[in-house]
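Me: I am new to this one. Could you show it to me and then let me ask how the descriptions come about?

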Amino acid sequence: MGALEEAHLATATAAAAISACECECYEEEEDDLVEDEEAAAAADAMEPAVRALLLGLGEDARREGLRRTPKRVAKAFRDGTRGYRQKVKDIVQGALFPEVGVDKRTGSAGGTGGQVVVRDIDLFSYCESCLLPFSIQCHVGYVPSGGRVVGLSKLSRVADVFAKRLQNPQRLANEVCGALHASIQPAGVAVALQCWHIPLPENLKCKTSQGWISTSHSSRSGVFEGESSSFWNDFSALLKLRGIDMDKDSHSSSVAWCPLRSHDVPVCNGHCKKATTHGAISPKSVPAPSNMVSAVSSMLLSLGEDPFRKELVGTPQRYVQWLMKFRACNLDVKLNGFTLNNLSVYQSPAGDATDHRAIHSELHLPFCAQCEHHLLPFYGVVHIGYLDSGDGEVIDRSHFQALVHFYGCKLQVQERMTRQIAEAVYSASHCGAIVVVEANHICMISRGIEKIRSSTATIAVLGQFLTDPSAKARFLQNVLDTTGLAV
Ligand SMILES: Nc1nc2c(ncn2[C@@H]2O[C@H](COP(=O)(O)OP(=O)(O)OP(=O)(O)O)[C@@H](O)[C@H]2O)c(=O)[nH]1
Ligand SMILES: [Zn+2]
């Protein structure tokens, strides 16, 4: 080929490459455009529904903290179900790399015939029974075949595609296993899941995951199948190295694991005697207002879900039932004058040392609140300290627990809750109050920034705790000494 011809070919190839690239870019841009339009349409449909829920909770949707809540909730749900709009093929394609294994007769190692296990993949999914997020530790094993291995991150990405849907644990395990098998075409796939579901607020014990409902499930294909599969035994052994015993923990059904299911409630259509039930009525059940239930059904529709699919029947009622546990009560309004918003009343005279005063502490009081930005729970513990006012009266722990419940069990932000509890304690002790709240926000871990292990601590210091650093230090030392002992 002459130089001119070569130059022409090079130009033609480059032009073809550019036009192919432009074509792909246009396709991507078009996809983004479609996604943006769909997202806007879903948000338009969902926002009025969220406003109806806020109204049903007795809230003023126009107040500053709630103004953008419908937008955020719509975004959170859309993001939490993005898996419906993702394709496994797009993830795995292009991430299969050649890697030979050892000869079959000598053993199994490396590529073909060997086993690869990725453990401890942190995921969040949405419980299809109640729409609350549940957390997952996912472990994936596979045995490569055909001299190809897949990029490790793709195992986690594929698992996330199915986690980001409305799910139950067993179906999630089956779908991840099936999709990996179909896309990688290995000799076999094993998926093991450990899942945790938030309990009803009244059953939440403390800031750790105690009180959470846990379940373990697995799914296997190809060489992992069968009771005597040596690949399954190796997979289990590699999990046990991380303290995970699937043989002991596995369950075959996860239908009943959602705590809201055992709490099924009537729907109130305005004539409570005619309420239709969806299961046993617990003594604490409050009818779910039918307009709120319809609002949640319309949210499911705008996510592209079928509210009549059998697993979703009863889901809107359960979600409303959960929300109703955090509804604003009239007492909030009546108590507006009770909290002392005038900061000057907290200031103690200079030099007023508290050494002679006893510090009373009530520590590790559990709470569960509902984040007013995303309508997702945040939960943890409250530590309260107050100074003896000299009359020797000690307030009973049950009163503090009631106080924490009162200020916690509503649409809240952590800072306001901390301040409100401190103001209420101060109004009882008049000398000094200190409150520390330690919480995990599900909105920080299940969506958006997804900081799985983050936790938030807030502190409010009033009265003589402000002027006496040693009193504050003694209280905080007390918290430290009892952390780890608390259940
Ligand atoms: N200060 C405070 N912020 C909170 C609390 N609960 C949730 N948030 C935050 O509320 C903020 C809302 O910010 P936006 O940018 O409007 O919400 P978003 O679009 O969902 O943003 P991302 O959270 O970053 O995904 C987020 O930063 C949350 O982390 C809380 O108790 N106190
Ligand atoms: Zn649930």
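Reply: Gladly; this is a predicted model, and the turns below go through its ligand shell, its sheet and its record.

Me: What makes a residue part of the shell around ligand 1?

Reply: The test is a C-beta atom, placed from the backbone, within 6 Å of the ligand. There are 13 such residues around ligand 1, and C371, H373, V413, Q414 and G448 come nearest. Helices α2 (69-80), α12 (414-429) and α13 (442-445) each supply at least two residues of this shell. By class, the shell has 5 nonpolar, 4 polar and 4 charged residues.

Me: Why are β12 and β14 said to stand at the edges?

Reply: The open sheet has 5 strands in the order β12-β10-β11-β13-β14, with mixed pairing. β12 (411-412) and β14 (456-463) each have a single partner strand, so one side of each is left without a neighbour in the sheet.

Me: How do you know that β10 and β12 pair?

Reply: Pairing needs at least two bridges between the strands. Strand β10 (residues 359-371) and β12 have 2 bridges, in the parallel sense, so they meet that requirement. Q370 stands opposite L411 in β12.

Me: What packs on this sheet?

Reply: α12 does, touching β10, β11 (376-387), β12, β13 (432-441) and β14. The direction of α12 makes about 155° with that of β13. Helix α15 (residues 469-482) also packs there, touching β10, β11, β13 and β14, and its direction makes about 70° with that of β10.

Me: Where does the UniProt record place the domain "GTP cyclohydrolase I"?

Reply: The unreviewed UniProt entry lists residues 47-198 and 294-478 for it. Residues 47-198 are 36% helix and 27% strand, with end C-alpha atoms 25 Å apart.

Technical notes:
Residues numbered from 1 in each chain as written. Chains lettered and ligands numbered in written order. Predicted model: local features only at pLDDT ≥ 70, side-chain atom pairs only at ≥ 80, totals over all residues. UniProt positions renumbered as here; feature names shortened; annotations may be inferred. Helix = DSSP H or I, 4+ residues; strand = E, 2+ residues; numbered from the N terminus. Nonpolar A, V, L, I, M, F, W, Y, C, P; charged D, E, K, R; others polar. Contact = placed C-beta atoms within 7 Å. Axes fitted to C-alpha atoms, helices over the stretch in contact; angles between N-to-C directions.
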